[in-house]
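Work through the following exercises with the sequence and the coordinates open beside you. Each one sets a task and then gives a solution in steps.

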Amino acid sequence: MRILGIDPGLQRTGFGVIEADGPRLHYVASGTIGTLEAPKGDLPGRLKIIFDGVQEVVAAYGPVCAAVEIVFVNVNPQSTLLLGQARGAALAALVSGPHPVPVAEYTALQLKKAIVGQGLASKQQVQAMVQRLLALPGLPGKDAADALGLAITHAHAGASIAALGASALRRQHAQYRKGRVY
């Protein structure tokens, strides 16, 4: 299963693509979509660069699903709004186009717990664990490491969710007797 991770940002949106074969993970690609070429005040232009960049990554690597980081609330509400718009451009790119991709969402805390084992992990710790988990020759960039971490998180969580779903399907035959679930 090919999974795309997206770490949204207005200046740099990280992406990471992995192959998950059961518990085995294989690195495919990673990088960033930069918007610094657009003038600083040109928000629509920057959002278009993110949208087009994500669609280009989807077309190039053909993921079957994607994992995107959920925006946290900053102290500065303006920064939060701008980050949310960058995230929206990435999400719109994933679900539109000729091959829409199903999207799962994870918080930074969930990512850090899944990759490092604790929610207060630093960016450097996430980079080091992503390098180790994917057997990379060097440290990935911070944005790419977060994106790869999201893809890894989804690879692990997706298996658990699928197992829970299968378990729920087996129990459906004993449902609803006078409104009760057995």
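A residue is called buried under 20% relative accessible area, exposed over 50%, and partly exposed in between, with a 1.4 Å probe and protein chains only as cover. The model is predicted, so local features need pLDDT of at least 70 and side-chain atom pairs count only at pLDDT 80 or more, while totals for chains, interfaces and linings use all residues. Residues are numbered from 1 along each chain as its sequence is written, and side-chain values use heavy atoms, with hydrogens and water left out.

**Exercise 1. Describe the open sheet and identify the strands at its edges.**

Step 1. Helices (H or I, at least four residues) and strands (E, at least two) are taken as DSSP runs numbered from the N terminus, and on that basis the chain has five helices and seven strands.

Step 2. Two strands pair if DSSP finds at least two bridges between them. Five strands form an open sheet of mixed pairing, in the order S3-S2-S1-S4-S5. Strands S3 (24–34) and S5 (103–106) each have a single partner strand, so they stand at the edges with one side left without a neighbour in the sheet.

Step 3. Strand S2 (residues 12–21) pairs with S3 in the antiparallel sense over 10 bridges, whereas strand S1 (residues 2–7) runs parallel to S4 and is joined to it by four bridges. S4 and S5 are likewise parallel, over four bridges.

**Exercise 2. Determine how far strand S4 is enclosed, and locate its bridge partners.**

Step 1. Five of the five residues of S4 (residues 65–69) are buried, so the strand is largely enclosed by the rest of the structure.

Step 2. Cys-65, Ala-67 and Glu-69 point one way from S4 and Ala-66 and Val-68 point the other way, all of them being buried.

Step 3. Ala-67 stands opposite Gly-5, while the bridge partner of Ala-66 in S5 is Val-103.

**Exercise 3. Examine the salt bridges, and state what parts of the chain they join.**

Step 1. A salt bridge requires a side-chain nitrogen of Lys or Arg within 4 Å of a carboxyl oxygen of Asp or Glu, and by this rule the count comes to six.

Step 2. Arg-2 and Glu-19 form one of them, with their closest N and O atoms 2.6 Å apart. Arg-2 lies in strand S1 and Glu-19 in strand S2, so the pair ties together parts that are 17 residues apart in sequence. Arg-2, at 24% relative accessible area, is partly exposed, and so is Glu-19, at 25%.

Step 3. Asp-143 and Arg-12 meet in another salt bridge, at 3.1 Å from N to O. This pair links distant parts of the chain, Asp-143 being in helix H5 (residues 142–171) and Arg-12 in strand S2, 131 residues apart. Asp-143 is buried at 17%, but Arg-12 is partly exposed at 40%.

Step 4. Asp-21 stands opposite Arg-24 in S3, and their side chains also meet in a salt bridge of 3.1 Å, N to O. Arg-24 counts as partly exposed at 49% relative accessibility, as does Asp-21 at 44%.

**Exercise 4. Is Arg-46 buried or exposed, and which residues is it in contact with?**

Step 1. Arg-46 has its place in helix H1 (residues 43–61).

Step 2. Lys and Arg count as positive and Asp and Glu as negative, with His and the chain ends not counted. Arg-46 is buried yet has no salt bridge, the nearest side chain of opposite charge, Asp-42, being 7.2 Å away.

Step 3. With contact meaning heavy atoms within 4.5 Å, and neighbours within four places in sequence left aside, the contacts of Arg-46 include Leu-10, Gln-11 and Thr-35.
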